[in-house]
Each structure stands twice: as structure tokens, then as C-alpha cells.
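Me: I am new to this structure and would love a close look at one part of it. Please start with a single charged side chain and then work outwards to its surroundings.

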Amino acid sequence: MPQLDPEFFISQLFWLVVFFSFLLFFLWKVSLPRIAKVIEKRQNTIDENLSYAKELQEQAQKIENKINNQINQAKQDTDDQIKKTISSLQDDVASKLTVLDKDLEDKISKSEKEIMKNRDNEIKNIDKEILNITKITLSKLTNIDLSDNEINSIIKSKKEAIN
């Protein structure tokens with residue numbers, strides 16, 4: 001094997017130094033700057049994307065806040081509308097109840113008047129019947145002939161004594 005022959009060591013070392021020097025020079029001047037540019041370009045792209053993502057996140061946060069404000073405003077508006085509706089319904093119910101109360105009071109007063117009128121009529125009828133019964137009874141029991149006025153005055157005095 002020629003690689004292990006000590007006679008060729010010096011030439012092999014020479015070519016090794018030349019080759020690695022050339023490789024080092026090539027990497028230092030050509031490849032490494034290109035790699036550095038690519039890495040720098042990547043880093044710039046990453047930084048730009050991160051800043052754009054932050055901007056988008058801020059915009060999303062603003063939109064979210066705006067939506068939340070609109071939702072809160074809508075809730076408040078609906079609450080106000082519900083309160084107004086409840087208030088108007090209560091007012092309507094109160095006014096209708098007032099009208100119904102007045103109608104009931106009118107009907108009750110009319111009924112009371114009618115009842116009082118019927119009672120008075122019936123009391124008059126009862127008084128007439130008492131008068132007739134008294135006349136008939138007196139005429140059958142005795143020969144006393146009393147006028148209607150006398151019988152009415154006697155009946156009234158007895159009623160007052162009873163009450």
C-alpha cells in the first residue's frame with residue numbers, strides 16, 4: 001500500500017496542506033459568506049414575519065375589543081328596551097285595571113241602586129199586603145172599620161218599636 005510507505009509521506013503531506021488550504025480559503029471566501037447571507041436573510045424573514053404577526057395580533061385584539069364593546073352595547077340596549085317594555089306593559093296593565101275598577105264600581109253602584117229600588121218596592125208591597133191582611137183580619141174579627149191611614153200609622157209605630 002503506497003499510503004503507508006514512508007517514502008511518500010512528504011508528498012502526501014504537501015498535497016494535504018495544499019488541498020486543505022484551498023478548501024479553507026474556498027470555505028472562508030465563498031461558501032461561508034453565502035451561508036451567512038442565507039442565514040441573515042432567513043433571520044430577516046423570521047423577524048418580519050414575527051413583526052407582521054404582532055401587528056395582526058394587535059389588530060385582532062382591537063377587533064375583539066370592538067366586538068366585545070358592541071356586544072356589551074347590544075346587551076345594554078336590549079336590557080333598556082326590556083325595561084321600557086316592562087314599564088310600558090305595567091303602565092298599560094295599570095290603566096286597564098283602573099278602567100276595569102271604574103267599570104266594576106259603576107256596575108256595583110248600579111246593582112246597589114237596583115237592589116235598593118227592588119227592596120223598597122218589595123217593602124212597599126209587603127206593607128200593602130200587611131195593610132190588606134190587617135183589614136181583612138179586623139173585619140172578620142171585629143166590626144171595627146179603620147181607614148188605611150190609621151192602619152198604616154199603627155203598623156209604622158209597631159215597626160219602630162221592633163227596630
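**A charged pair and what surrounds it**

Reply: With a relative accessible area of 42%, R119 is partly exposed (buried is under 20%, exposed over 50% and partly exposed in between, with a 1.4 Å probe and protein chains only). This is a predicted model, in which local features need pLDDT of at least 70 and side-chain atom pairs count only at pLDDT 80 or more, while totals for chains, interfaces and linings use all residues. Residues are numbered from 1 along each chain as its sequence is written, and side-chain values use heavy atoms, leaving out hydrogens and water.

The partner of R119 is D120: the two form a salt bridge, and their closest N and O atoms are 3.4 Å apart. The term stands for a side-chain nitrogen of Lys or Arg within 4 Å of a carboxyl oxygen of Asp or Glu. D120 counts as partly exposed, because its relative accessibility is 35%. Side chains of opposite charge can pair when their charged atoms come close. The structure holds one salt bridge, so you have already met it.

Let's turn next to a group of charges. D101, D103, E105 and D106 gather on the surface in a patch of negative charge. To join a patch, a residue needs over 30% relative accessible area and no salt bridge; like charges are linked within 9 Å, nonpolar side chains (Val, Leu, Ile, Met, Phe, Trp, Tyr) within 5 Å. D101 itself is partly exposed, at a relative accessible area of 44%. This residue lies in helix α1, which covers residues 9-141; a helix is a DSSP run (H or I) of at least four residues, numbered from the N terminus.

Helix α1 also holds L13, and L13 is exposed, with a relative accessible area of 52%. To get a feeling for distances, follow the chain from L13 to E129: the two are 116 residues apart, and their C-alpha atoms are separated by 162 Å.

L13 belongs to a second patch, a nonpolar one. Together with L16, F19, F20, F22, L23, F26, L27, L32, I35 and I39, L13 makes a nonpolar surface patch of about 1,000 Å². One of its members, L23, is placed in helix α1 and counts as partly exposed, at 31% relative accessibility.

Now for the rings. There are three aromatic pairs, where rings of Phe, Tyr and Trp (its six-membered ring) pair if their centres lie within 6.5 Å; planes under 30 degrees apart are stacked, over 60 edge-to-face and the rest tilted. In one of them, F14 and W15 have ring centres 5.2 Å apart and planes at 75°, so this pair is edge-to-face. F14 is partly exposed, at 49% relative accessibility, whereas W15 is exposed, at 57%. Another pair brings us back to the nonpolar patch: F19 and F20 have ring centres 5.7 Å apart and planes at 70°, so they too are edge-to-face. F19 is partly exposed, with a relative accessible area of 49%, and F20 is partly exposed at 44% relative accessibility.

Finally, let's step past the end of helix α1. L146 sits in the loop between α1 and α2 and is partly exposed, with a relative accessible area of 26%. Twelve residues separate L146 from T134 in sequence, and their C-alpha atoms are 9.8 Å apart in space. N149 lies in helix α2, residues 148-162, and is exposed, with a relative accessible area of 62%. N149 and E122 are 27 residues apart along the chain, and their C-alpha atoms are separated by 20 Å.

Note on methods: Areas by Shrake-Rupley, 256 points an atom, 1.4 Å probe, with all protein chains shown as cover. Lys, Arg positive; Asp, Glu negative; His and termini not counted. Charge placed at Lys NZ, Arg CZ, Asp CG, Glu CD. Helix = DSSP H or I, 4+ residues; strand = E, 2+ residues; numbered from the N terminus.
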